[in-house]
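I opened this entry to record three look-ups: the pocket, the sheet and the salt bridges.

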Amino acid sequence: ALDGGGITWVRDRLAILRESKVHMQAELGRVLGEANVRGGSGAIYLLATLPDALLAIADDVRVAERLITDFGVAIIPGSACGAPGTIRICYANLPLA
C-alpha cells in the first residue's frame, strides 16, 4: 500500500470493499430476507442465517460443502465460528460484475 500509491490506494480499496458489501448484503437479503443477514461492521464478512427448510435436510457444514463442490462458492460454515445454522461469507476480493 505504501509503495503502490499510499493513501489513495488504501481509499480506493476501501471504496471497493464498501461497494462489495452493499452488493452482497442486498443479494443475500433478497434471497434470505434482510433480517437474516448481519455483520460487515468492522469486518470483511457477513453472517447469514440459513432457512429452516434447508436446515431440516442439511446442516451448515453440508451446505458449505455443497456450495464449494457444486458451484465453486467458498464460504465458512457458521458452526466453525460458533454460530451453527449460519454461513459466513467474505466479500473482500469479489469481482463486481
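**Pocket**

I began with the lining of the largest pocket and asked which element gives the most; α1 does, with four residues. I am working on a predicted model, where local features need pLDDT of at least 70, side-chain atom pairs count only at pLDDT 80 or more, and totals for chains, interfaces and linings use all residues. Residues are numbered from 1 along each chain as its sequence is written, and side-chain values use heavy atoms, with hydrogens and water left out.

Helix α1 spans 6–32, and β4 joins α1 in supplying at least two residues of that lining each. My helices (H or I, at least four residues) and strands (E, at least two) are DSSP runs, numbered from the N terminus.

For the pocket I used a 1 Å grid over the protein atoms alone: a pocket is an open set of points where a 1.4 Å probe fits, with protein on both sides within 12 Å along at least five of seven lines. Lining residues have an atom within 4 Å of a point.

I noted 12 lining residues for the largest pocket. M24, L28, V73, I75 and I89 lie nearest its centre. The space inside comes to about 250 Å³, taken as the space filled by probe spheres set on the points, with grid points joined across faces, edges and corners.

What is the lining of the largest pocket made of: nonpolar, polar or charged residues? I found 11 nonpolar, no polar and one charged. The classes are Ala, Val, Leu, Ile, Met, Phe, Trp, Tyr, Cys and Pro as nonpolar, Asp, Glu, Lys and Arg as charged, and the others, Gly among them, as polar.

**Sheet**

Next I traced the strands. Four of them form an open sheet, ordered β1-β2-β4-β3, with antiparallel pairing. β1 (37–39) and β3 (76–77) stand at the edges with a single partner strand each, so one side of each is left without a neighbour in the sheet. I call two strands paired if DSSP finds at least two bridges between them.

β2 (residues 45–49) and β4 (residues 86–90) are antiparallel over five bridges. Within this pair, L47 stands opposite R88, and L46 has I89 as its bridge partner. I89 came up earlier, among the residues nearest the pocket centre.

On the other side I checked β3 against β4: antiparallel again, over two bridges. Here I76 stands opposite R88 of β4.

**Salt bridges**

My rule was a side-chain nitrogen of Lys or Arg within 4 Å of a carboxyl oxygen of Asp or Glu. How many salt bridges does this rule give? I counted three.

In α1, R30 meets E27 at 2.9 Å, N to O. The two lie three residues apart, about one turn of the helix. I graded accessibility by relative accessible area: buried under 20%, exposed over 50%, partly exposed in between (1.4 Å probe, protein chains only). R30 is exposed at 61%, while E27 is partly exposed at 33%.

α3 (residues 60–71) holds R62 and E65, three residues apart, about one turn. Their side chains meet at 3.4 Å, N to O. R62 is partly exposed at 39%; E65 is partly exposed, also with 39%.

D70 and R66 are in α3 too, four residues apart, about one turn of the helix. Their closest N and O atoms are 2.7 Å apart. I logged D70 as partly exposed at 41% and R66 as partly exposed at 42%.
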